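Me: Hey, I'm new to this one. Can you walk me through it?

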Amino acid sequence: MSEAIEVINPYTGTCVGKVPRGGAAEVDAAVRRAKETMPAMRNMPLHRRAAILKKTSQLLQERAEAFAQLITQESGKTIRETRAEVARAAAIFEYAAEEARRLHGETLPFDAFPNGENHIGFYLREPVGIVGAITPWNVPLALAAHKIAPALASGNCVVLKPAEQTPLNALRLAQALREAGLPEGALEVVTGYGEEAGDALVTHPDVGFLSFTGSREVGIGLPARAGYKRVALELGGNSPIIVTQSADIERAAEAIVRGGYAVAGQLCISVQRILVHRTVREVLLEKLIARIRQLRLGDPLDEATDVGVLISKEACDRVEKAVQEAVQAGAKAAIGGKRIGPAAFEPTLLTDVRQDMPIAINEAFAPLTLLIEFDTLDEAIAMANATPYGLNAGIYTRDIEEALSAANAIVAGSVMINEVPTFRSDLMPYGGRKQSGLGREGVRFAMEEMTETKVVCIQRLI
Ligand code: NAD
C-alpha cells in the first residue's frame, strides 16, 4: 500500500507528520526480515544484548525532551506527562539490560524418581522467535518499551505495529535502538491501521508470540484470529477505589484526583469509580471538588497545564454522550460535565451514580470519575467486582482487616492499599483478570512469557 496516514495533533488539529499505511505485504516483508535475523539475536551473548539495551536507555535520556515534545504533539498528553513517560521508557530499557543477564533456567534433580537414576540435566529459556507487538496511543513509548525491551533481552526479534495516532515516536525509538547496535531486522516497525497492518500481524503464522495492548473490544477477538501462537492481552479497565470510614480522607482525595485525571483520564488504570462509605461521603466530596477545581486545562505543551485534551473529537463525542445519558438517568455533575473544545472535556465528577448504570460498568477513558456510596465493605467489594474488567483496584483504609478483605476478594491483577489503582511500578507483574487481559507484563514476567523452556537431559554411561 502506498497511501500515507497523517498524524494529527489533537489539540491544534494540525498535521505533525505522515507515515506509510502498511498492510499485509509490509507485515509479511517485516516478518521475513525478522526471521532472517533470528539466529543472530538468539546467538547474541547476553552481555551484548544488555549493552544494546543500556545504550538505548542512555539515548532516550539524552533525547528525552525531543521525545516528550513529539509525544505531546501526537497524543495531546501534557508535556509533564510525556517527560515522565520518556523517563519511564528509559528506565524500562535499563532494567531489561539488567534482567537480560539473569536469563537462566535451573538444574533438574532427575533422580528424585526411580526412572531418573543416573540422569542429570537442566532446562534453558529460549526465545520464542518473533514477537508481534501491537500498542495503543495513550502511553505509546513506555508501552512499546514494555514489549520491545523484554523481547530483545530474551533474544527475540520484534515486529511492532504502533497505534495509527502515535507512530512517530515508535519510529524514533527504532532509530535509537539501531544506533545502540541492534542488528537490522531485529526490530521492524510497520505503521498502519489496526484492521490492516494489525490484523496481518495477529494472523501471521511466523509470529510466535503476540503481545497486544489496547481496548477490550478489539482484544477479546484476537486469540481466535491469532491461530496457533501464544497471546498476551493488556486490555481496558474501570478501576474502583474504595474509601472506608477509617480512611485518611485528605490523602485519598489527593490521590484520587491524581489518578482520575492524569492523561485526561485516558489510562487503563485511571480511577473511574470512587466507592465511598456513606458516613464520609460529604467530606470526601468537598475535598475532591476543591482539588478538581484547581486543575489547569489548556495547551498540552504549556508547563502549567494539568489536563490536556482527549485523543480525538470522536472520543469527546463519546464521553459527552455518556455523561448526558447518565444525567438523564439521575446522575448529577458535582463539577464539570461539559465539553469545552473539539477534543476537550471538563474534568468531571458525577454523583448520584448507581453501579448498574452503563457509565459505571463501561470504561470511561475520559477525565471523569463517579461517586457511589456503600454501607458495608461487602457491598463495596461486590460493586468493585461488578464490571467485566479486573485490572487494578484500590482501597483507602486504616483498618488492616478491611485492607486484607479487599485484597482477597477483589478480582483484579493488582489491589493497592492506601494507594490509587493508577499506581504501577514497571517491575511488578502487571495485567488483568476477567476481560482486562491475559498474561503479565513487567520486564521479568514478560521475559518468561516470551521464552520457551527446553530440557536438556544426559544419561551418565556408568
Ligand atoms: P485500540 O484497541 O483501538 O487500538 C490499540 C491498537 O490495536 C492500535 O495499534 C490499533 O491500530 C490496533 N488494532 C485495532 N484494531 C485491530 C485489529 N482488528 N487487529 C489488530 N490490531 C488492531 O485501543 P486504543 O484506543 O489505541 O487504546 C485505548 C485502549 O487501550 C483502552 O481501552 C485502554 O484501557 C487500553 N489500554 C490498556 C493498557 C493495559 O496495560 N492494560 C494500557 C494502555 C491502554
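**Around the ligand**

Reply: Sure. Helix 7 gives the largest share of the shell around the ligand, four residues. Keep in mind that this is a predicted model.

Me: Which elements each supply at least two residues of that shell around the ligand?

Reply: Helix 7 (194-203) does, and so does strand 8 (209-213).

Me: How many residues surround the ligand, and which are the closest?

Reply: There are 28 of them, and the closest are Lys 161, Glu 164, Ser 215, Leu 235 and Glu 363.

Me: How do the residues of the shell divide into nonpolar, polar and charged?

Reply: The shell has 15 nonpolar residues, eight polar and five charged.

Me: Where's the side chain of Glu 363 relative to the ligand?

Reply: One of the polar side-chain atoms of Glu 363 is 2.5 Å from a ligand oxygen. In Glu 164, a side-chain N or O atom sits 2.6 Å from an oxygen of the ligand. Thr 135 uses its backbone instead: a polar atom there is 2.8 Å from a ligand oxygen. The protein covers 89% of the 850 Å² of accessible area that the ligand has on its own.

Me: OK, switching to the sheet. What's the strand order?

Reply: It's an open sheet of six strands, ordered 7-6-5-8-9-17, with mixed pairing. Strand 7 (187-189) and strand 17 (437-438) are the edges, each pairing on one side only.

Me: Do strands 5 and 6 run parallel or antiparallel?

Reply: Parallel, with five bridges joining strand 5 (residues 130-134) to strand 6 (residues 157-161). For example, Ile 130 has Cys 157 in strand 6 as its bridge partner.

Me: And which strands does helix 5 lie across?

Reply: Helix 5 (residues 140-153) lies across strand 5, strand 6, strand 7 and strand 8, at about 165 degrees to strand 6. Helix 6 (residues 168-179) packs on the sheet too, touching strand 6 and strand 7.

Conventions:
Residues are numbered from 1 along each chain as its sequence is written. This is a predicted model: local features need pLDDT of at least 70, side-chain atom pairs count only at pLDDT 80 or more; totals for chains, interfaces and linings use all residues. Side-chain values use heavy atoms; hydrogens and water are left out. A residue is near a molecule or strand if one of its heavy atoms lies within 4 Å of it. A polar contact is a pair of N or O atoms within 3.5 Å; within protein, one must be able to donate a hydrogen and the other to accept it, and residues adjacent in sequence count only if both atoms are side-chain atoms. Accessible areas come from the Shrake-Rupley method with a 1.4 Å probe; for residues, only the protein chains shown count as cover. Ala, Val, Leu, Ile, Met, Phe, Trp, Tyr, Cys and Pro count as nonpolar, Asp, Glu, Lys and Arg as charged, and the others, Gly among them, as polar. Two strands pair if DSSP finds at least two bridges between them. Contact means heavy atoms within 4.5 Å. Axes are lines fitted to C-alpha atoms, for helices over the stretch in contact, and angles run from 0 to 180 degrees between N-to-C directions.
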